[in-house]
Amino acid sequence: MDTIIMIGTTILDQFQQPTLSFLIAGMMLAALGSRFEIPEPVYKFIVILLLLKVGMGAGISVRSANLIDLIVPALGATAVGIVIVLIGSVTLARHRGVSQVDGLATAGLFGAVSASTLAAGMAILDDNGMAYEGFIGALYPFMDIAALVTAITMAKLAAARRAVTVSGGAGVIAGGPTAKPGNAGTNGGMVRDILVDTFQSPAISALIAGLVLGAFAQPETVYHSFYEPLFKGLLSILMLIMGMEAWSRLSELRKVAHTYILYGVTAPFIHGLIGFGVGLVAHELTGFSAGGVVLLSVMAASSSDISGPPTIRAALPEANASAYLGTSTGLGTPVAILSIPLFVALAEALI
């Protein structure tokens with residue numbers, strides 16, 4: 001009975017959090033036919049402010065960390081973010097009926113990190129008296145940026161290859177055997193161009209600019225006086241917009257909703273175990289603490305609710321917000337929080 005009450009309380013808490021509650025409010029507005037809208041330039045300004053704030057906060061954490069102790073867990077966190085997206089690309093993104101861009105966008109959010117889930121993990125460890133490194137928060141950007149860049153790049157590359165295939169086929173029909181639809185050299189150039197385009201996109205550029213400013217400058221004054229007070233309010237407006245978009249495209253998911261539900265329920269456990277394995281390697285190599293291993297698992301199990309949605313929406317506007325937001329925020333976050341005691345128990349048993 002206590003477990004059932006805990007699950008119910010966790011789910012209710014998630015519905016009351018600004019991320020999910022404003023998302024649902026936006027869906028309700030759209031369902032009622034509201035004409036509420038935010039001008040596109042205002043939306044883009046909100047996204048840039050949010051991502052600059054997230055990047056600066058992560059950069060400040062990196063600057064204050066011991067870089068020698070940080071390097072192995074940071075490399076591990078980067079690898080975990082990439083691996084999670086790669087797993088999603090060969091499972092969810094290839095499932096029949098699931099759009100490849102929607103699958104990769106969802107995998108990108110699951111590879112990125114939820115700040116609220118990480119905070120919940122720290123609170124649980126504090127209650128249990130399990131120590132962890134002070135630089136744990138600095139691992140956030142390594143996993144986050146690695147996952148988002150990988151997902152966005154793979155989605156754009158897939159779209160470019162489809163375009164080449166279509167145009168190549170048309171060329172063969174129109175121009176006969178002499179037409180050249182593509183080769184290994186053009187594929188290499190395509191990958192390079194898409195990587196450059198991804199890093200130059202407004203969302204990723206803002207995230208990286210904030211990270212660099214936080215790590216190498218001293219932006220604390222403007223960070224605490226301007227960015228931090230505005231953050232939650234701006235995020236709530238963003239979620240209203242994405243909620244309305246999600247409702248407008250909900251019908252596209254009817255035939256494959258079960259696939260996203262299965263992914264949202266199982267992925268946090270699988271990803272968390274991957275993070276736990278990487279944490280164990282860091283423990284053996286550097287003495288990474290048991291609490292650190294647990295929190296690396298929690299980061300891997302979580303799905304982004306702050307930096308991820310605006311980044312994906314800005315970089316992949318064609319992706320269905322109902323798919324990636326509903327799966328990550330609606331399912332992934334509650335499941336990830338419920339999985340934290342599992343990783344605590346594993347750490348106590350194995351470390």
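Let's start with one residue: Phe110 is buried, and its relative accessible area is 0%. Keep in mind as we go that this is a predicted model.

Who keeps Phe110 company? Its ring pairs with that of Tyr263: the two centres are 5.0 Å apart and the planes meet at 75°, so we call the pair edge-to-face. That label follows because planes over 60 degrees apart count as edge-to-face. Tyr263 counts as buried too, at 9% relative accessibility. Now look at where the partners sit. Phe110 is part of helix H5 (residues 100–111) and Tyr263 belongs to helix H11 (residues 257–286), so this pair ties together parts that lie 153 residues apart in sequence.

The structure has 3 aromatic pairs. Another one of them joins Phe226 and Tyr227, again edge-to-face, at 5.0 Å centre to centre with 85° between the planes. Here the two partners get different labels, because buried means under 20% relative accessible area. Tyr227, with 15%, is buried, while Phe226, with 34%, is partly exposed.

Rings can also have a charge over them. Find Lys53, and you'll see its charged end sitting over the ring of Phe231, 4.3 Å from the ring centre. Likewise, Arg313 lies over the face of Tyr43, with 4.0 Å to the ring centre.

Next, the core. In soluble globular proteins, nonpolar side chains tend to be buried together. In this model, the largest nonpolar core holds 92 residues, and the members that touch the most others are Leu139 and Tyr324. The helix that gives the most to this core is H3 (residues 40–63), with 11 residues.

Let's zoom in on Tyr324. Which residues is Tyr324 in contact with, if we leave aside its neighbours within four places in sequence? They are Ala105, Thr106, Leu109, Met242, Ile312, Arg313 and Ala319. You've met Arg313 already: it is the residue lying over the face of Tyr43.

Finally, let's hunt for empty space. How many cavities of 30 Å³ or more are there? The count comes to 1. The largest cavity contains about 40 Å³ of space. Its lining is made up of Val54, Gly55, Ala58, Tyr140, Pro141, Asp144, Ile145, Leu207 and Leu211. Three helices each supply at least two residues of that lining: H3, helix H7 (140–175) and helix H9 (202–216). H7 provides the largest share, with 4 residues. And H3 is the helix you saw giving the most to the largest nonpolar core.

Methods
Residues are numbered from 1 along each chain as its sequence is written. This is a predicted model: local features need pLDDT of at least 70, side-chain atom pairs count only at pLDDT 80 or more; totals for chains, interfaces and linings use all residues. Side-chain values use heavy atoms; hydrogens and water are left out. Rings of Phe, Tyr and Trp (its six-membered ring) pair if their centres lie within 6.5 Å; planes under 30 degrees apart count as stacked, over 60 as edge-to-face and the rest as tilted. Buried means under 20% relative accessible area, exposed over 50%, partly exposed in between (1.4 Å probe, protein chains only). A charge sits over a ring if NZ of Lys or CZ of Arg is within 6 Å of the ring centre and within 35 degrees of the ring normal. A nonpolar core is a set of buried Ala, Val, Leu, Ile, Met, Phe, Trp, Tyr and Cys residues joined through side-chain atoms within 4.5 Å. Contact means heavy atoms within 4.5 Å. On a 1 Å grid over the protein atoms alone, a cavity is a set of points where a 1.4 Å probe fits but cannot get out, and a pocket is an open set with protein on both sides within 12 Å along at least five of seven lines; lining residues have an atom within 4 Å of a point. Grid points are joined across faces, edges and corners, and a volume is the space filled by probe spheres set on the points.
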